[in-house]
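Please open the structure in your viewer and keep the selection panel at hand. The stops below are meant to be followed in order.

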Amino acid sequence: MASIQSEANRNHYAALAANAGKLTSPQAIIDYNDTHWTALTGEPGGVDYIEVDAGGVPAMWIVPKSADEQRVLLYAHGGGFVGGSIYTHRKLVGHLAKAVGCRALLYDYPLAHRAKHPAQLNAAMTALNWLTDRTGQGFDTRHIALAGDSCGAVLTYGVLQRLRAEGRPLPAATLVISGWFDMALTGASYETNRDKDPAFAKAAVDWLATNFIGDGDRLDPEVSALYADLSGFPPVFLQAGGDETLVDESRMFAERARLAGVETRLDVFEGMLHSFQMMAGKAPEADDAIGRFASWVRPRLGLPGVNDKATRDKAAGDRAA
């Protein structure tokens, strides 16, 4: 049964849908998310935030106290390419980096009203190159885990495809929250969860896809990872909410990944909506999800393991403090 605290996420999306007609400009959407989406997440504490220029891409180092300095999460924030930023997501990524015990680089990219695909993927590659280039930060790609939520999955798997095409080493692992994998919108959950998800009706997601790629091919693997060749890609841990209309995209992607020989884990959280992990530090479901990510990814990054329950108990203590 969903916690009382988790209702904040459902209320956020209900309010977003109710206000959609009033958000008549790109800036109005950005401002709404900056104010209301950001407020869902609790401060993780013990985390420093340092804004940087990642080769021309605005980014933010997220540095937990005593974090391993040789491992890093490269995080692509969500927002449907109409909102979201390094500021809306800094606390979520702070919780994740703190649980994992390493630094994270959270990067920005042009929103779709400023530039269409592939501008966003180009920015993601620039951030990755800055992170790995010896004249930049010099991180070993094999000590990096890619992570992202919602439309961040587009950039995460776009980066993997480009790295493979260039014959470069691939990151150690991938973490995806409520991934947007299919611009063709073929998932049955657009119908089966239509009455449970107040924000992501099929028509709304269809508009987001058009806004992002214009009249581009919706089956292009760089925008719809569901149709990509996934062979040889790193292990992936997918999380999704059981009540969100996009949940079947994670299920379909998980099946495609397994068939391609990719080590795959999918956790569906019943009663939860899209990107519910944004409630980290305030809702137990979000803290549980973050703890699961940390326990799974740490050994893949070569870090000592952690216990899910210990992580959840610490998060509960942080909330109570």
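What follows is a walk through a predicted model, with something to select at each stop.

**The sheet as a whole**

Begin by displaying the strands alone, where you will find 8 of them forming an open sheet in the order 1-2-4-3-5-6-7-8, with mixed pairing. Now select residues 47-54 and 264-269, which are strand 1 and strand 8: each of these stands at an edge with a single partner strand, so one side of each has no neighbour in the sheet. As you look across the sheet, the twist from one strand to the next averages 20 degrees.

**From the edge inward**

Keep strand 1 selected and add strand 2, and you will see that the two pair in the antiparallel sense over 8 bridges. To place one of these bridges, pick Asp48, whose partner in strand 2 is Val63. The hairpin of strand 1 and strand 2 has 2 residues between the strands, and in this hairpin Gly55 takes a positive phi near 70 degrees.

Next, select strand 2 by itself, residues 57-64, which is mostly covered, since 7 of its 8 residues are buried. Strand 2 is joined to strand 4 by 4 bridges, and these two strands run antiparallel; for an example, show Trp61 together with Leu105, its bridge partner in strand 4.

**The parallel pairs**

Move on to strand 3 (residues 68-76) and strand 4 (residues 102-107), where the pairing is in the parallel sense over 6 bridges. Here Asp68 has Cys102 of strand 4 as its bridge partner.

Adding strand 5 to the selection shows a further parallel arrangement, with 5 bridges joining strand 3 to strand 5, and Leu74 meeting Leu146 of strand 5 as its bridge partner. On to strand 6, which is joined to strand 5 by 5 bridges, again in a parallel run, with Val176 of strand 6 as the bridge partner of Gly148.

Is strand 5 covered on one face or on both? Ile144, Leu146 and Gly148 on one side, and Ala145, Ala147 and Asp149 on the other, are all buried, and both faces are therefore covered.

**Helices against the sheet**

Select residues 152-165, which make up helix 5, and you will see this helix packed on the sheet, where it touches strand 3, strand 4, strand 5, strand 6 and strand 7, its direction making about 150 degrees with that of strand 5. Then select residues 284-300 for helix 9, which also packs on the sheet, touching strand 5, strand 6, strand 7 and strand 8, and whose direction makes about 170 degrees with that of strand 6.

**A single residue in helix 8**

Zoom in on Ala254, which has its place in helix 8 (residues 247-259). Is Ala254 buried or exposed? With a relative accessibility of 0%, Ala254 counts as buried. If neighbours within four places in sequence are left aside, Ala254 is in contact with Leu238, Thr264 and Leu266; Leu238 lies 16 residues away in sequence, and the C-alpha to C-alpha separation is 7.6 Å.

**The largest pocket**

Finish at the largest pocket, which has a volume of about 590 Å³. Its lining consists of 25 residues, and those to select are Leu16, Val82, Ala199, Phe200 and Leu208, which lie nearest the centre. Helix 1 (7-19), helix 2 (26-37) and helix 7 (202-213) are the elements that each give two or more residues to this lining. Colouring the lining by residue type will show 18 nonpolar residues, 7 polar ones and no charged ones.

Conventions
Residues are numbered from 1 along each chain as its sequence is written. This is a predicted model: local features need pLDDT of at least 70, side-chain atom pairs count only at pLDDT 80 or more; totals for chains, interfaces and linings use all residues. Side-chain values use heavy atoms; hydrogens and water are left out. On a 1 Å grid over the protein atoms alone, a cavity is a set of points where a 1.4 Å probe fits but cannot get out, and a pocket is an open set with protein on both sides within 12 Å along at least five of seven lines; lining residues have an atom within 4 Å of a point. Grid points are joined across faces, edges and corners, and a volume is the space filled by probe spheres set on the points. Ala, Val, Leu, Ile, Met, Phe, Trp, Tyr, Cys and Pro count as nonpolar, Asp, Glu, Lys and Arg as charged, and the others, Gly among them, as polar. Two strands pair if DSSP finds at least two bridges between them. Axes are lines fitted to C-alpha atoms, for helices over the stretch in contact, and angles run from 0 to 180 degrees between N-to-C directions. Contact means heavy atoms within 4.5 Å. Buried means under 20% relative accessible area, exposed over 50%, partly exposed in between (1.4 Å probe, protein chains only).
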